[in-house]
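Here is a short set of exercises to work through with the model open beside you. Try each task before reading its solution.

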Amino acid sequence: LRCLDLDDNNIQSEGFNIVLLRALRGSPIKKLSCARCGIESIEIDNICFPQHLKYLSLSFNSVNADGCRELAKLLQGREATLSTLWLNRNKIDDDGVEILVDALQNNTSLTTLGLVGNDDISDHGEMKLLKLVNDISSIKATLLSNHTLECLSLEILDEDEEIKTHIYMATEINSEHESNPDATGRKKVICTQMCSVKRTELAALQEIDHSVYSEIDPLHLPEVLSLVDQHHGLGELYVALKSSIAGVISIVNLKKCMLQEKEYHAAKAAKHAAIAAEHRAKAEEIDAKLTAIDQAAEANQDGGYSQSNKRRRT
């Protein structure tokens, strides 16, 4: 048995958790569909759960945040196999989304997640999903975003819905560079971090208030600016130059200040060295005088001893 379709059967939560999953334990099943089955709660036991399952549909049920917490068990760890998870028309809210997002941070198996018709997912929840697939808080964050999800369904895409639009764009990049996370991360950086229009939109949505060029080592700027010119043209190159020059100037100013500070301390050290040399000379002069006094005293003592001997002989 590789595929089992139980849609529109009223198996309910007990039938799904206790009967069905245990019955499928150890089976080679890869696809399981239980849409419109009256399922309200989910209990996942990794030991009993089918180990080869890749497709799971629980759409049109009543799965909530607690159910998401159980489903998250299937998305964590290196042994995660699930590639498609349909949760359309359930009772998932922002808390449920956050649980799924946390589970998907390091997941490399799930390519499709359906959340259409979960009316309690607000812009806040959608923002969590956007940051999952393209976090622009830093270049490193973008590179560490989820590069596996190729389809993240929320609602019918509306041109005015910026969050969904950017989620769609990020998952499109994921699908273009399937199985190559390094290339996917690089493409996201080029397409969003280095494109002023898109980055401005994403920065406003994700409440980011710093320039991406503030993170870039000036030594790497020529390569970065070359990429901007290559992928976005001269107009975007001008914007990049304008944005990056402030950072370069600030570093130049910092270097100038540090050189001035170095000169100050070197002058102080030289001055103290001169004073120390003067005191050493004074000390040596005093030592010389003391030595002369000692020598004169010894000479006088020797002269007195000689005169005494002459008197005795007379």
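**Exercise 1. Find which residues Leu 32 is in contact with, leaving aside its neighbours within four places in sequence.**

Solution. Start with the rule: a contact means heavy atoms within 4.5 Å. With that rule, the partners of Leu 32 are Leu 4, Phe 16, Leu 20, Leu 24, Leu 53, Tyr 55, Leu 56 and Ser 57. A word on the source: this is a predicted model, in which local features need pLDDT of at least 70 and side-chain atom pairs count only at pLDDT 80 or more, while totals for chains, interfaces and linings use all residues. Residues are numbered from 1 along each chain as its sequence is written, and side-chain values use heavy atoms, with hydrogens and water left out.

**Exercise 2. Place Leu 32 in the largest nonpolar core, and work out which helix supplies the largest share of that core.**

Solution. First, the terms. A nonpolar core is a set of buried Ala, Val, Leu, Ile, Met, Phe, Trp, Tyr and Cys residues joined through side-chain atoms within 4.5 Å. Buried means under 20% relative accessible area, exposed over 50%, and partly exposed in between (1.4 Å probe, protein chains only). Helices (H or I, at least four residues) and strands (E, at least two) are DSSP runs, numbered from the N terminus.

Next, the core itself: it has 54 residues, and Leu 32 is among those with the most contacts inside it, together with Phe 16, Cys 34, Leu 56, Leu 58, Leu 87 and Leu 115. At least two core residues come from each of α1 (12-23), α2 (65-71), α3 (94-104), α4, α6 and α8. The answer is α3, which gives the largest share, 6 residues.

**Exercise 3. Decide whether Cys 34 is in a disulfide or in none.**

Solution. A disulfide is a pair of cysteine sulfur atoms within 2.5 Å. Searching the whole structure gives 0 disulfides. For Cys 34, the nearest cysteine sulfur belongs to Cys 37 and is 4.8 Å away, and Cys 34 is in no disulfide. Finally, check the accessibility: Cys 34 has a relative accessible area of 0%, so it counts as buried. Cys 68 also has 0%, and is buried.

**Exercise 4. Sort the residues of helix α8 into buried and exposed, and say what the buried ones pack against.**

Solution. Helix α8 covers residues 196-206, and its buried residues are Arg 199, Leu 202, Ala 203, Leu 205 and Gln 206. These residues span an arc of only 160° around the axis, so they sit on the same side of α8; the arc is that of the directions from the helix axis to the C-beta atoms. Turn to the face pointing away from that buried side, and you meet the exposed residues Val 197, Thr 200 and Ala 204. The buried residues pack against α4 (123-133), α6 (162-176) and α7 (181-193). After α8 comes Glu 207, with a positive phi near 60°.

**Exercise 5. Describe the surroundings of Thr 148.**

Solution. Locate Thr 148 in the loop between α5 (139-143) and β6 (151-153). Its relative accessibility is 15%, so Thr 148 counts as buried. Neighbours within four places in sequence aside, Thr 148 is in contact with Asn 107, Thr 108, Ser 109, Leu 110, Thr 111 and Asn 174. Look closely at Asn 107: its backbone oxygen lies 3.5 Å from a polar atom of the Thr 148 side chain.

How values were computed:
Polar contact = N/O pair within 3.5 Å; in protein donor to acceptor, adjacent residues only side chain to side chain.
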